[in-house]
Structure formats: structure tokens, C-alpha cells
Amino acid sequence: MTRLGGAAVVFVDDDGNRVELAPDESDALFTLTAELEAATVSACPTCRSRVVAVVALVDVLRAGAPHTRSSELVELAEEAPTLHVYVEDVTSRCRHEDWHDPGHEEWADALDDEPSLGRLAP
Ligand SMILES: [Zn+2]
């Protein structure tokens with residue numbers, strides 16, 4: 001029962017479907033996928049928050065070593081209503097101030113539709 005409230009990284013599509021990864025799961029995923037680099041469209045330079053392309057994400061997940069949550073992430077990617085899914089680093093207090101390309105705006109818009117994750121107040 002470490003998952004609820006213990007997510008480190010959350011994958012969200014434009015419909016608000018989400019897959020939450022616990023810290024150990026997200027560390028393993030980022031290691032196995034070389035930080036999702038091949039699928040990343042735009043990323044914050046200082047945290048793990050990023051925009052990923054769904055087709056490339058599926059490729060990366062299938063090409064790499066199996067991860068415990070791969071099938072859920074593949075399903076999220078395959079059913080995403082747009083070409084992108086959004087990764088939020090929920091453990092970081094990063095405000096993404098150095099993330100300047102248009103991907104950041106798209107990412108912020110997508111996550112704005114989400115119910116609050118109960119983020120810690122500043
Ligand atoms: Zn950031």
C-alpha cells in the first residue's frame with residue numbers, strides 16, 4: 001500500500017487518466033528507459049517533469065527491460081486522446097522556471113485540469 005499518497009512520478013493523459021509510480025518504481029523506470037529520453041518531447045531541465053510522445057513511449061517501454069508498471073503505462077499511452085502524455089515529478093518542489101519551450105505551457109495546461117494532488121503548500 002505504498003502507492004496511494006506515495007507517488008513520486010505521475011503519468012497523465014489529456015483525459016485525466018493517470019498512472020502513479022512510487023519512488024522505487026519511478027527510479028527503476030527512469031533507469032530502464034534512459035530517463036525516457038527517446039520519448040521526451042519537452043522536459044524541465046531541473047526535474048523529471050516532461051512531455052512524452054505516446055508512440056515513442058510505447059516503443060521505449062517495449063524495447064527496455066520489463067518494468068512492473070510497463071503494461072499500465074503502455075495502456076495509458078495507447079488510449080491517450082492526444083499524441084502526448086504528461087509526466088509530473090510530484091516529489092520535486094521545482095517550479096519549472098527554467099523550462100521555457102512551448103511544451104511547458106502544454107504540460108501545465110494538461111495538468112491544470114487535474115484535481116489537486118494535495119501538493120504541499122509552499
Ligand atoms: Zn521542473
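Two strands are taken to pair if DSSP finds at least two bridges between them. In this predicted model, one such bridge links Ser42 to Val51, its partner in strand 4. Strand 3 and strand 4 are antiparallel and are joined over 3 bridges; together they form a hairpin, with 6 residues between the two strands.

The hairpin belongs to a wider arrangement. The model contains an open sheet of 5 strands in the order 2-1-5-4-3, and the pairing is antiparallel. Strand 2 (18-21) and strand 3 (40-43) are the edge strands, each of which pairs on one side only. From one strand to the next, the twist averages 20°. At the strand 2 edge, strand 1 (residues 9-12) pairs with strand 2 in the antiparallel sense over 4 bridges. Within this pair, Val10 stands opposite Glu20 of strand 2.

Two helices that pack on the sheet are described next. Helix 2 (residues 54-63) touches strand 4 (50-53) and strand 5 (84-89), and the direction of helix 2 makes about 80° with that of strand 4. Helix 3 (residues 70-79) also packs on the sheet, where it touches strand 1, strand 2 and strand 5. The direction of helix 3 makes about 150° with that of strand 2.

The residues of helix 3 can be considered by their burial. Leu73, Leu76 and Ala77 of helix 3 are buried. Viewed down the axis of helix 3, its buried residues fall within an arc of 95°, and they therefore line one face of the helix. As background, an α-helix has 3.6 residues a turn, so residues three or four places apart point the same way. On the other side of helix 3, Ser71, Glu78 and Glu79 are exposed. The buried residues of helix 3 pack against strand 1, strand 2, strand 5 and helix 2.

A further buried position is found in helix 1 (residues 23-32), which contains Glu25. A residue is classed as buried if 20 or more other C-beta atoms lie within 10 Å of its own. Glu25 counts as buried because it has 20 C-beta neighbours inside 10 Å. When residues up to four places away in sequence are not counted, Glu25 touches Thr68 and Arg69. Glu25 and Arg69 are 44 residues apart along the chain, and their C-alpha atoms are separated by 7.7 Å.

Note on methods. Residues are numbered from 1 along each chain as its sequence is written. This is a predicted model: local features need pLDDT of at least 70, side-chain atom pairs count only at pLDDT 80 or more; totals for chains, interfaces and linings use all residues. Axes are lines fitted to C-alpha atoms, for helices over the stretch in contact, and angles run from 0 to 180 degrees between N-to-C directions. Two residues are in contact if their C-beta atoms, placed from the backbone, lie within 7 Å. A residue is buried if 20 or more other C-beta atoms lie within 10 Å of its own, exposed if 12 or fewer, and partly exposed in between; C-beta atoms are placed from the backbone. The arc is that of the directions from the helix axis to the C-beta atoms.
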